[in-house]
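Good morning, colleagues. Please look at the sequence and the structure on the screen while I comment on the surface charge and the overall fold.

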Amino acid sequence: MRLLFIGDVVGKPGLRILSKFVPDYKKENKYDFICVNGENAAGGFGLTRKSASKLKKYGCDVITTGNHIFDRKEELEELFKLEYVIRPLNYEKSFPGKGFTVIEIEDKKVAIVNVQGQTFMPKEPKTSSPFKLVQECVENLLPITSIIIVDIHAETTAEKIAMRYFLDGQISALIGTHTHVQTADEIVTSSGTAYITDVGMTGAFDSIIGMQAKPIIKKFMGDKNQSFKLAKNDVRMNAVEIEINEANGKAKSIRRIEIGENS
Ligand SMILES: [Fe+2]
Ligand SMILES: [Fe+2]
């Protein structure tokens, strides 16, 4: 079974490159399913039903999210009526939506779980520790399927690597999202779990993680009145391709991908 996991889609440039690549790319590379982190798909801040349905139309099967969905909190109830959109499992119980989903690919079931880290992350939405909750979730999913993919949406490398050791051998893949910078540490562990600390970003790379540089530099220099603007140039898609033994859920390979819009 072949999976493509695409890093955080940032606004129109990110949606545009996916509209060009994903439909053919899915067929040519025989991907059985595609997962994408969509927390920045709507103008760079959050995810709307409209942007989610575009991602679905391009061929993305499941959309994971993270902290930025709170940028559009008034739309959350409607957004999470879409069964293919999930949010971190460790948000407050009252938060709309669910932290995992199980989809059927031909006759195989695949589970996708979303969790959020706690170190250096925004205070809202409120989170509890993801470790115990993800363990319980995986234990409940294992009788249903051994093919389990977890998106850990977190800032620090150490928290993501800790999760890798915590879940090693129990899941098919642990994919880091949120930092928008692809790391070069992809691995399949000896226990058969594929891992990368961060899969990267799908959007404009002539930028600071998808946004125009100048306002962000001014903000770092102390000017609090800066609003962020979406960058436009050098659009690329970051992803990882993972091959999974569908008989036992063990990962066989993981490969980093970066494709430019004009390549
Ligand atoms: Fe993001
Ligand atoms: Fe995030």
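Lys-57 has a relative accessible area of 67%. Exposure requires over 50%, so Lys-57 counts as exposed. I should state at once that this is a predicted model. Lys-57 belongs to helix H2, which spans residues 49-58.

Which residues accompany Lys-57 in the patch of positive charge on the surface? They are Lys-12, Lys-50 and Lys-54. Helix H2 is the main contributor to this positive patch, supplying three residues.

I turn now to the opposite charge. A patch of negative charge on the surface is formed by Glu-104, Glu-106, Asp-107 and Glu-246. Of these, Glu-104 sits in strand E5, which covers residues 100-105. Is Glu-104 buried or exposed? Its relative accessible area is 54%, and the threshold for exposure is over 50%, so Glu-104 is exposed.

Let me close with the chain as a whole. The protein chain contains six helices and 13 strands. Its radius of gyration is 17 Å, and the globule rule gives 18 Å for 263 residues; because the two values are close, the chain is as compact as a globular protein of that length. Along the principal axes, the C-alpha atoms of the protein chain occupy a box of roughly 55 × 40 × 35 Å. Finally, what percentage of the 263 residues in the protein chain is buried? Buried residues account for 54% of them.

Technical notes
Residues are numbered from 1 along each chain as its sequence is written. Chains are lettered from A and ligands numbered from 1 in the order in which they are written. This is a predicted model: local features need pLDDT of at least 70, side-chain atom pairs count only at pLDDT 80 or more; totals for chains, interfaces and linings use all residues. Side-chain values use heavy atoms; hydrogens and water are left out. Patches are made of residues with over 30% relative accessible area and no salt bridge: like charges are joined within 9 Å, nonpolar side chains (Val, Leu, Ile, Met, Phe, Trp, Tyr) within 5 Å. Accessible areas come from the Shrake-Rupley method with a 1.4 Å probe; for residues, only the protein chains shown count as cover. A salt bridge is a side-chain nitrogen of Lys or Arg within 4 Å of a carboxyl oxygen of Asp or Glu. Lys and Arg count as positive and Asp and Glu as negative; His and the chain ends are not counted. The place of a charge is taken as NZ of Lys, CZ of Arg, CG of Asp or CD of Glu. Helices (H or I, at least four residues) and strands (E, at least two) are DSSP runs, numbered from the N terminus. Buried means under 20% relative accessible area, exposed over 50%, partly exposed in between (1.4 Å probe, protein chains only). The radius of gyration is taken over C-alpha atoms; the globule rule is 2.2 Å times the number of residues to the power 0.38.
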